Amino acid sequence: MRLAVTIATLLLTTITAHADSYEEHDYILNCSGCHRMDGSGSSVVPSFQKMPELDGKLGAREYWIQVPGAAQAPLSDTRLAALMNWLVERFTGKPPQPEYRAQEVGRLRSTPLRDPVAKRSQIRHRP
Ligand code: HEC
């Protein structure tokens, strides 16, 4: 319990200190635990720096929403759409075309991927 309070306090301090958008708040609270603040990930979590290698390939747009960490995040479709627009722009240099909207995100996240690693590799090897 004390650890939980300490973690919550640390998170809140980080947010007040650095976050200046809802998207960044949502990222810190829901994603940075695994993906890290700078998106570099870990041995089991891919670095967001590698998003450009999928960018523009068939299926990447859908994959980025259907990946379990995004699809199952405790965020509304509207907030997840905004977060993903922010994330894609941050790591590929431009927002998705067209930008994600709540309706598309809601449809995609209703079918999260069973094997995201295989899916990623399949998309990556497309021309
Ligand atoms: C519990 C750890 C965890 C959390 C929390 C998490 N992710 Fe992930 N994420 C992963 C792992 C692991 C992968 C690799 C695919 C897989 O095995 O699911 C991944 C992959 C991804 C990818 C694919 C990147 C690529 O190019 O291959 C995206 C996009 C993504 N996550 C977005 C998010 C977003 C957005 C959030 C927060 C709303 C989030 N994740 C929260 C663990 C997490």
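**Ligand and pockets in a predicted model**

Reader: How far does a polar side-chain atom of His35 lie from a nitrogen atom of the ligand?
Author: This is a predicted model. In it, a polar atom in the side chain of His35 is paired with a nitrogen atom of the ligand, and the distance between them is 2.9 Å.

Reader: Which protein residue is a donor to the iron atom of the ligand?
Author: The iron atom has a single donor from the protein, at a distance of 2.1 Å. The donor atom is NE2, and the residue that carries it belongs to helix α3. That residue is His35.

Reader: Which side chain has an N or O atom 2.5 Å from an oxygen atom of the ligand?
Author: Two side chains can be considered here. The side chain of Trp64 has an N or O atom 3.3 Å from a ligand oxygen, which does not fit the distance asked for. The 2.5 Å distance belongs to the side chain of Arg120.

Reader: Which elements give two or more residues to the shell around the ligand?
Author: The ligand has 22 residues around it, and those that come nearest are Cys31, Cys34, His35, Tyr63 and Arg120. An oxygen atom of the ligand is also 3.3 Å from an N or O atom of the Trp64 side chain. The elements that each give two or more residues to this shell are α3 (32–35), α4 (60–66), α5 (68–71), α6 (77–92) and α8 (116–124).

Reader: How many residues of the shell around the ligand are nonpolar?
Author: The shell holds 22 residues. Of these, 3 are polar and 1 is charged. The number of nonpolar residues is 18.

Reader: How much space lies in the largest pocket?
Author: The largest pocket is the space taken by the ligand. Its lining divides into 23 nonpolar, 6 polar and 1 charged residues. The space in this pocket is about 630 Å³.

Reader: Which elements give two or more residues to the lining of the largest pocket?
Author: The lining has 30 residues, and His35, Val45, Pro46, Phe48 and Val67 lie nearest the centre of the pocket. The elements that supply two or more of the lining residues are α2 (22–30), α3, α4, α5, α6 and α8.

Reader: Which element gives the most residues to the lining of the second largest pocket?
Author: The second largest pocket has a volume of about 190 Å³. It is lined by 16 residues, with Asp55, Gly56, Arg61, Trp64 and Gln97 closest to its centre. At least two lining residues come from each of α4 and α6. The element that gives the most, with 4 residues, is α4.

Reader: How many residues in the lining of the second largest pocket are charged?
Author: The lining includes 7 nonpolar and 4 polar residues. The number of charged residues is 5.

Reader: Is the peptide bond from Gln97 to Pro98 cis or trans?
Author: Pro98 lies in the loop between α6 and α7 (102–109). The omega angle of the bond from Gln97 is near -10 degrees, and the bond is cis.

Reader: What is the phi of Arg36?
Author: Arg36 is in the loop between α3 and α4. The residue is not a glycine, yet its phi is positive, at about 70 degrees.

Conventions
Residues are numbered from 1 along each chain as its sequence is written. This is a predicted model: local features need pLDDT of at least 70, side-chain atom pairs count only at pLDDT 80 or more; totals for chains, interfaces and linings use all residues. Side-chain values use heavy atoms; hydrogens and water are left out. A residue is near a molecule or strand if one of its heavy atoms lies within 4 Å of it. A polar contact is a pair of N or O atoms within 3.5 Å; within protein, one must be able to donate a hydrogen and the other to accept it, and residues adjacent in sequence count only if both atoms are side-chain atoms. On a 1 Å grid over the protein atoms alone, a cavity is a set of points where a 1.4 Å probe fits but cannot get out, and a pocket is an open set with protein on both sides within 12 Å along at least five of seven lines; lining residues have an atom within 4 Å of a point. A molecule sits in a cavity or pocket if more than half of its atoms lie within 2 Å of its grid points. Ala, Val, Leu, Ile, Met, Phe, Trp, Tyr, Cys and Pro count as nonpolar, Asp, Glu, Lys and Arg as charged, and the others, Gly among them, as polar. Donors are N, O and S atoms within 2.8 Å of the metal (3.2 Å for Na, K and Ca); water is not among the atoms, so sites may look incomplete. Grid points are joined across faces, edges and corners, and a volume is the space filled by probe spheres set on the points.
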